[in-house]
There are 2 protein chains.
Amino acid sequence: MKPALWNTLYSLAELGASQRPVKISTTQLARVIHSSQQTASRQLIQLEKTGLVERHFNVNGGWIRITENGMDELRRVYLNLKTVMEGATPTLKLEGTVFQGLQEGAYYVGQKGYRRQFTEKLGFDPYPGTLNIRLRSKADFQTRKELEAYPAILIEGFGNEHRSFGPLRCYRVTINGQVQGALMTIQRTHYDSSVVELIAPVKLREKLNLKDGDKVVVEAFISGEMPPHRT
Amino acid sequence: MKPALWNTLYSLAELGASQRPVKISTTQLARVIHSSQQTASRQLIQLEKTGLVERHFNVNGGWIRITENGMDELRRVYLNLKTVMEGATPTLKLEGTVFQGLQEGAYYVGQKGYRRQFTEKLGFDPYPGTLNIRLRSKADFQTRKELEAYPAILIEGFGNEHRSFGPLRCYRVTINGQVQGALMTIQRTHYDSSVVELIAPVKLREKLNLKDGDKVVVEAFISGEMPPHRT
DNA sequence: ATTACTAATATCCGAGTAG
DNA sequence: TCTACTCGGATATTAGTAA
């Protein structure tokens, strides 16, 4: 079904033609769908031909009613939008304070083996460095546990001649509602579970004007499925 | 906003781009929206230009996310469809049995002063005759009272040199779920309030194969507003 | 692999108008 | 008035292709 045709059907529904026949001329309908009388006429013909609306005429013009099939077309879109709007991916909010880490983030993030995967799986090449966040409240510890129960974006470990690098689990996040990035849980971290590390395509300390001790709000998006990527 | 563009935005939402960036190539998107890669590309450019989606690129292709403005566009349609689907015009169901009237229906309905108005306000030229229905249950009496509390389609009274004809109140109905017609309450009827009369563009007794004593279900549509008609 | 440009083509739209 | 036809011009789409 052509989008323009669907749009006309939708407009008719707005005019009340879903419940009862509506008396409307092609000229009036044309105004509603922002087209000419001729186009309105043609669209009605097509909608009728495909059984999505019924019409009958008298001398003054036509009466139009959306059929059950027509309502099905609208309902299909409605239900999908409902899923999008209401069944929205749940988000988890974490709050924490910025602190100076051991400055080793840059070393890790800068590794080619990680960077290639970040770019491929997260969609950005991270600024070489991590922002360390310490969670303060019990509630935030709890939320972090909950977050980790959800499927993560997995960054595989790898090794070079000198040493090996462990796997990472990432979650997409929005930081302070402004910057899109990712939250990482490094397995072999020096920090306990009250710490999370953030990466982003930009230097977060600069972009968000952060100093040690500043509060940061991290909103994590949980996806039931992995983002599509080439296999 | 062009319907085709809205459709692309909607498809992106279906793909999950409302919550997080989605990795999808123009070729993949083209398959979803049933178009060519070139059209998908062009539509994305337009959506980005109008601030409805955000994109960023890496060597393998682009990542796409619907912006707040984009979500607003989808939400507008969603809420309208919700009204259409759920806030649907309330319907009242009446059940009654067919009985032979005084055969005067044809005389009344056939009057030019009525017919002209039926055609104009109901959208059909009624078969010259009415189907008389007697309500049986208390619940149906109740429902009839309720129905009469709603605004009706008013057929004005008129007179000729010989006599005068009273005003009618009509409601749009579907009879036995099959025929669209109208329920009339004639003010100066011989019958008490347990009787309603139905008109339709066809002879109901024939079309629905009805005999005296048969049960008939009448579903009345209540419209807060009158159907649009020329003033 | 991608995205997106240009040019050729297909489709759609609306002015004019008949019935 | 109304609907809906024809037809030429406008718009959108795709093929071919560069980067």
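How do strand 1 and strand 3 of chain B pair, and over how many bridges? They pair in the antiparallel sense, over two bridges. Keep that little pairing in mind as you browse these close-ups of a predicted model.

**View 1. The three-stranded sheet of chain B.**
Start with an open sheet of three strands in chain B, where the order is 1-3-2 and the pairing is antiparallel. Strand 1 (22-23) and strand 2 of chain B stand at the edges with a single partner strand each, so one side of each is left without a neighbour in the sheet. To find where strand 1 meets strand 3 (residues 61-66) of chain B, look for B:V22, whose bridge partner in strand 3 is B:I64. Helix 1 (residues 3-14) of chain B packs on this sheet and touches strand 2 and strand 3 of chain B. The direction of helix 1 makes about 95 degrees with that of strand 3 of chain B.

**View 2. The three-stranded sheet of chain A, with a visitor from chain B.**
Chain A has an open sheet of three strands with the order 1-3-2 and antiparallel pairing. The edge strands here are strand 1 (22-23) and strand 2 of chain A, each of which pairs on one side only. Strand 2 and strand 3 (residues 61-66) of chain A run antiparallel to one another and are paired over six bridges. One spot to look for is A:N58, which stands opposite A:G61 in strand 3 of chain A. Helix 1 (residues 3-14) of chain A packs on the sheet, touching strand 2 and strand 3 of chain A, and its direction makes about 95 degrees with that of strand 3 of chain A. Now for the visitor: helix 6 (residues 112-122) of chain B also packs on this sheet. Helix 6 of chain B touches strand 1, strand 2 and strand 3 of chain A, at about 50 degrees to the direction of strand 3 of chain A.

**View 3. How the two chains are related.**
What turn lays chain A on chain B? A turn of 180 degrees, with a shift of 0.0 Å along the axis, does so with an RMSD of 0.2 Å. That is the relation of a two-fold axis. If you want to find the axis from chain A, go to A:P3: in that chain its C-alpha is the nearest to the axis, 2.5 Å from it. The same surface serves both copies, since 98% of the contact residues of chain A recur in chain B.

**View 4. The protein surface around DNA strand C.**
Here 17 residues surround DNA strand C, and the closest are A:S36, A:Q38, A:T39, B:T26 and B:Q37. Sugar and phosphate account for 51% of the atoms of DNA strand C that come within 4 Å of the protein. Three side chains are worth zooming in on, each with an N or O atom facing a phosphate oxygen of DNA strand C: A:S36 at 2.7 Å, A:T39 at 2.5 Å and B:T26 at 2.3 Å. Two or more residues of this surface come from each of helix 3 (37-49) of chain A, helix 3 (37-49) of chain B and strand 2 (53-58) of chain B. Helix 3 of chain B gives the most, with four residues. By type, the surface near DNA strand C divides into two nonpolar, 11 polar and four charged residues.

**View 5. The protein surface around DNA strand D.**
Which residues are the closest to DNA strand D? They are A:T26, A:Q37, B:S36, B:Q38 and B:T39, among the 17 residues that surround it. Of the atoms of DNA strand D within 4 Å of the protein, 55% belong to sugar or phosphate, and the rest to bases. A polar side-chain atom of B:S36 lies 2.6 Å from a phosphate oxygen of DNA strand D. For B:K2, the distance from a side-chain N or O atom to a phosphate oxygen of this strand is 2.9 Å, and for a polar side-chain atom of B:R42 the value is 3.4 Å. Helix 3 of chain A gives the most to the surface near DNA strand D, with four residues.

**View 6. Strand 12 of chain B and its pairings.**
Strand 4 (residues 91-99) and strand 12 (residues 215-221) of chain B run antiparallel, joined by seven bridges. Look for B:T97, which stands opposite B:K215 in strand 12 of chain B. Strand 9 (residues 168-175) of chain B also pairs with strand 12 in the antiparallel sense, over four bridges. There, B:V173 stands opposite B:A220.

Key
Residues numbered from 1 in each chain as written. Chains lettered and ligands numbered in written order. Predicted model: local features only at pLDDT ≥ 70, side-chain atom pairs only at ≥ 80, totals over all residues. Heavy atoms only, no water. Near = heavy atom within 4 Å. Polar contact = N/O pair within 3.5 Å; in protein donor to acceptor, adjacent residues only side chain to side chain. Nonpolar A, V, L, I, M, F, W, Y, C, P; charged D, E, K, R; others polar. Pairing = 2+ DSSP bridges. Contact = heavy atoms within 4.5 Å. Axes fitted to C-alpha atoms, helices over the stretch in contact; angles between N-to-C directions. Least-squares fit on C-alpha atoms with pLDDT ≥ 70 in both.
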